[in-house]
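Grab a coffee and open the viewer: here are some exercises to work through with the coordinates in front of you. Try each task before reading its solution.

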Amino acid sequence: EAMKMTGLMYYRGDGTRKNTEEFFRWTNMAAEKGDTVAMTNLAYYYKENIGNYGKAFDWYKQAADAGNTSAMNDLGWMYDNGQGVKADATKAFDWFLKAAAADDFDGMANAGTCYLYGHGISKNLREAERWLKKSAEGGNLSGMVGYGDCLQEKGNVRAAIDWYERAAKEGSQTAQERLDDIQSEIQNSSAQNYSSPQPSGG
């Protein structure tokens with residue numbers, strides 16, 4: 001824990017100057033001792049700051065195998081996008097589902113979305129609703145939007161709007177876009193109905 005925190009201090013410059021070499025040294029020591037959060041910190045740095053997807057994948061995989069649910073989701077996205085590994089939507093889904101089964105709300109949102117759209121797994125609205133609802137009720141913004149999408153798919157637009165509104169209030173731009181799209185559809189439908197020719201009385 002102390003090694004990991006020391007590494008983060010050097011990365012952020014908390015109470016000291018930023019020092020990438022010291023960040024790597026301390027974080028790597030923590031990771032080698034089995035600290036899965038340190039592993040994900042290294043993976044994130046390799047991926048976002050260096051662009052070394054192979055190294056990032058290796059560290060995410062090690063952390064995910066050790067039970068870190070955040071790493072499971074990150075590993076799923078790397079499989080999905082083909083970063084550091086051959087793209088494989090099925091393996092991506094498998095890792096999302098593992099995270100979901102470990103009570104991770106991001107994993108629930110990701111797995112539920114895969115079920116909703118048949119991505120990496122056969123489309124299954126019942127399973128999509130199951131996972132997305134749990135994620136949404138847990139306060140996950142992606143889960144809220146996904147659950148709204150699921151409800152729309154089932155034809156329950158009113159309930160979908162409720163979830164989009166909750167997510168939008170929490171700052172989800174995607175949820176706001178969904179609300180704007182629904183409002184636009186309503187306005188277009190009203191305009192078409194208003195301009196439709198009326199049958200003559202003969």
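**Exercise 1. Cysteines**

Work out whether C150 is buried or exposed, then do the job again for C114, and count the disulfides.

*Solution.* Keep in mind that this is a predicted model.
- Step 1: C150 has a relative accessible area of 0%. The cut-off for buried is under 20%, so C150 is buried.
- Step 2: C114 comes out at 4%, so it counts as buried too.
- Step 3: As for disulfides, the structure has zero.

**Exercise 2. A neighbour of C150**

Find the helix that holds A128, and list what A128 touches beyond its neighbours within four places in sequence.

*Solution.*
- Step 1: A128 sits in helix α8.
- Step 2: Its relative accessible area is 0%, so A128 is buried.
- Step 3: With neighbours within four places in sequence set aside, A128 is in contact with G112, Y115, L116 and C150. There's the cysteine from the previous exercise again: C150, buried at 0%.
- Step 4: Now try Y147. It is 19 residues from A128 in sequence, and the C-alpha atoms of the two are 8.1 Å apart in space.

**Exercise 3. The overall picture**

Describe the fold in secondary-structure terms, then say which residues touch the most other members of the largest nonpolar core.

*Solution.*
- Step 1: Count elements: 11 helices, zero strands. Along the sequence that reads α-α-α-α-α-α-α-α-α-α-α.
- Step 2: The chain has 202 residues, and 38% of them count as buried.
- Step 3: The accessible surface is about 11,400 Å², with 45% of that belonging to carbon and sulfur atoms.
- Step 4: Among contacts with a separation of 6 or more, 39% come from residues 24 or more positions apart.
- Step 5: The largest nonpolar core has 47 residues, and W59, Y60 and L75 touch the most other members.
- Step 6: Zoom in on Y60. Leaving out residues up to four places away in sequence, Y60 touches T40, A43, Y44, K47, A71, D74, L75 and M78.

**Exercise 4. Do the helix lengths add up?**

Check the end-to-end distance of α3 against its residue count, and repeat for α10.

*Solution.*
- Step 1: α3 covers residues 36-50, which is 15 residues. The rule is 1.5 Å times one less than the number of residues, so the expected span is 21 Å.
- Step 2: The end C-alpha atoms of α3 are 20 Å apart, which agrees.
- Step 3: α10 runs over residues 157-169, 13 residues in total, so it should span 18 Å. Its end C-alpha atoms are 18 Å apart, and that agrees.
- Step 4: Look at the ends. A side-chain oxygen of D35 lies 3.0 Å from the backbone nitrogen of V37, capping the N-terminal end of α3. α3 is followed by G51, which has a positive phi near 80°. Just after α10, G171 has a positive phi of about 105°.
- Step 5: Pick out the buried residues. In α3 they are T36, A38, M39, T40, L42, A43, Y45, Y46 and K47. In α10 they are A159, A160, I161, W163, Y164 and A167.

**Exercise 5. Three loop residues**

For Q83, D103 and N140, decide: buried or exposed?

*Solution.*
- Step 1: Q83 lies in the loop between α5 (69-81) and α6 (89-101). At a relative accessible area of 18%, Q83 is buried. Beyond residues up to four places away in sequence, Q83 touches K47, Y53, F57 and M78. N52 is 31 residues from Q83 in sequence, with 9.1 Å between their C-alpha atoms.
- Step 2: D103 is in the loop between α6 and α7 (105-117). With a relative accessible area of 57%, D103 is exposed. Check its backbone too: D103 has a positive phi of about 65° although it is not a glycine. Most residues other than glycine have a negative phi.
- Step 3: N140 belongs to the loop between α8 (125-137) and α9 (141-153). Its relative accessible area is 11%, so N140 is buried. The side chains of N140 and D106 make a polar contact at 2.7 Å. Neighbours within four places in sequence aside, N140 is in contact with F105, D106, A109 and S135.

Technical notes. Residues are numbered from 1 along each chain as its sequence is written. This is a predicted model: local features need pLDDT of at least 70, side-chain atom pairs count only at pLDDT 80 or more; totals for chains, interfaces and linings use all residues. Side-chain values use heavy atoms; hydrogens and water are left out. Helices (H or I, at least four residues) and strands (E, at least two) are DSSP runs, numbered from the N terminus. Buried means under 20% relative accessible area, exposed over 50%, partly exposed in between (1.4 Å probe, protein chains only). Contact means heavy atoms within 4.5 Å. Accessible areas come from the Shrake-Rupley method with a 1.4 Å probe; for residues, only the protein chains shown count as cover. A nonpolar core is a set of buried Ala, Val, Leu, Ile, Met, Phe, Trp, Tyr and Cys residues joined through side-chain atoms within 4.5 Å. A disulfide is a pair of cysteine sulfur atoms within 2.5 Å. A polar contact is a pair of N or O atoms within 3.5 Å; within protein, one must be able to donate a hydrogen and the other to accept it, and residues adjacent in sequence count only if both atoms are side-chain atoms.
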